[in-house]
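Biologist: I am new to this structure and would be grateful for a close look at a single part of it. Could you choose one element, describe what surrounds it, and explain the terms as you go?

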Amino acid sequence: MRDLGARDSGLLIRAGFQSRVPSPQPLVLMRTTILALLLATTAPGQDEFRLYTEHPRLFLTPQRLRLLKRERDRESMRWRQFDLLVRAAAEMPEPGFALALHYAVTGDAAIGKKAVDWALGPGTDLRQLALVYDWCQPLLSPAQSKALETKLRKLAALKTGPDLPAARDRILALIATADDTHAEENPLREMVQGWWRTQIAPKLADGRVMVPLDQVFALCEILHATRDNLKIDLREDAPSYFRELPTYQVLANYPAPLSAPENEYRIPVYRGSGQPDLDRAALSRAAGLSTVAYDNNALESQYLQGWLIQDRFMLQGIFGAPYEFLWANPYQPGLSYFQLPVFFHDQHSGALFLRSNWEDDAVWFGIYAGEAQIFREGRVTVLNSKVNPGQSPKVPLGPKAEGIQVGDASVLVGRSPMQFAMEGGRVLVVSLKPRSKYVVETDDEEMSEFETDGAGTLVLEYPGDWAAGVRIQEVLHGSDGTEVGVAASGLEPRTVASGGGRAIRGAADVSTR
């Protein structure tokens, strides 16, 4: 067990009308110009991978830059903290990012030159180098610009990994260094069409993968950079995933905040028994703020904003303060997250999070990357490691399984066969075989067949006043393919109810509720 309580304080061309008939020569020129524009226009539905945007291209859209300068003029809390750290020469963990951002907002050449010196000198972080190159363009001499561009291209050639942070770094470098030669066109086309639409988006769309929490921020930066410069919304390739992402970003946190000298942190779930990583927690918050900034009109984003905007979680440390200033929008209203469901479940990947309520002392249960955990009284207990298909969970079970209560729901570690008594509500049976069929028999009801999710969980929903015994057994198949030991059924999970007509719902019927 690990203790979180030790430090716990509780994104017609119009021609002017002229009454006189123009001379033939201007008419020819006008027609030629219009024809050239039409020929240069991309066909409808066809993506354009050449850049025509001016610096700054990365994240600092005109609208966002106006917001940041307004925050500076108002001397808001976020600006004062960020400005204090920069002007006090604090040892920022990401100096290129922090100093370049401060220069972009203030125009302070002395600060900007520090960012340039870092980039031309010891800096090797491709993402930060791209930001310095993009945001500090007015300060770069032709020789400095060429030297930094060369450095960026060399480092980008080494970033060959398929993971989201590596892809993000390459995309930012390509966008930052794009010029009139349009050398960025083919690599960006490959990143969008070859990498994103072929390797990543299909897996997100069908639930084969969920982006790890420590990579969601990289995904958000990719979304902003591509939409701001290529006018491509990558969410359209996996709409259901991105629709549920804000809820995932809320419920995938342990209930109790962790107090640090600079501010309080929400701690996102993580595997294993180590101590929380506060930089990871800061990036998780930055990912949430960036998600809201990308689509602040979406209902889910407004709940996420309500979760994020509390001042006690404002990032004030040397790592988090630049992110807080860049992405937070204190003028954006948020909805109360107390109205959100306390349950998140992705049927395909098996990611699942459940809270007893929205208070900081709530009991929380989660399945993240195949690991089941329970959080209560400031402590996280790992209930099981990832169970391989066909492997029995390493948890002693008597003849009847006993559940862990999380609010109105019960969590049980499964086996086949198993039996238990329930008193209505939601029942989670975990650590069964992934994507396998099980027959569920409830007292006074006919048998029903369900399929477990990608992590081996059955989610059963009963009316709140229904007290009964439940028996679960895996569906077995004979050598001829017929089902053994249960009534034959179709391939799809189904529910057969009798008696009073009260139906139960299985995992295949449940998503986010």
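Modeller: Let us take strand 13, which pairs with strand 14 (residues 448-451) in the antiparallel sense over four bridges. The model is predicted: local features need pLDDT of at least 70 and side-chain atom pairs pLDDT 80 or more, while totals for chains, interfaces and linings use all residues. Residues are numbered from 1 along each chain as its sequence is written, and side-chain values use heavy atoms, with hydrogens and water left out. Strands are DSSP runs of E with at least two residues, numbered from the N terminus, and two of them pair if DSSP finds at least two bridges between them.

Within the pairing of strands 13 and 14, Y438 stands opposite F450. The two strands form a hairpin with five residues between them, and in its turn D444 has a positive phi of about 65 degrees.

Strand 13 has another antiparallel partner, strand 16 (residues 468-474), with five bridges joining the two. Here E441 stands opposite R471.

How enclosed is strand 13 (residues 437-442) by the rest of the structure? Five of its six residues are buried, so the strand is largely enclosed. Buried means under 20% relative accessible area, exposed over 50%, and partly exposed in between, using a 1.4 Å probe and protein chains only.

Strand 12 (residues 425-430) offers a useful parallel: six of its six residues are buried, so strand 12 too is largely enclosed by the rest of the structure. Strand 12 pairs in the parallel sense with strand 10 (residues 409-413) over four bridges, and in the antiparallel sense with strand 15 (residues 458-462) over five bridges. V427 of strand 12 takes part in both neighbourhoods, standing opposite S410 and opposite L460 in strand 15.

It remains to place Y438 among the nonpolar cores. A nonpolar core is a set of buried Ala, Val, Leu, Ile, Met, Phe, Trp, Tyr and Cys residues joined through side-chain atoms within 4.5 Å. The largest core has 115 residues, and L58, L101 and W135 have the most contacts inside it. A second, separate core has 17 residues, among them Y438, together with M422, L432 and Y462. Y438, then, both faces F450 across the strand pairing and belongs to the second core.
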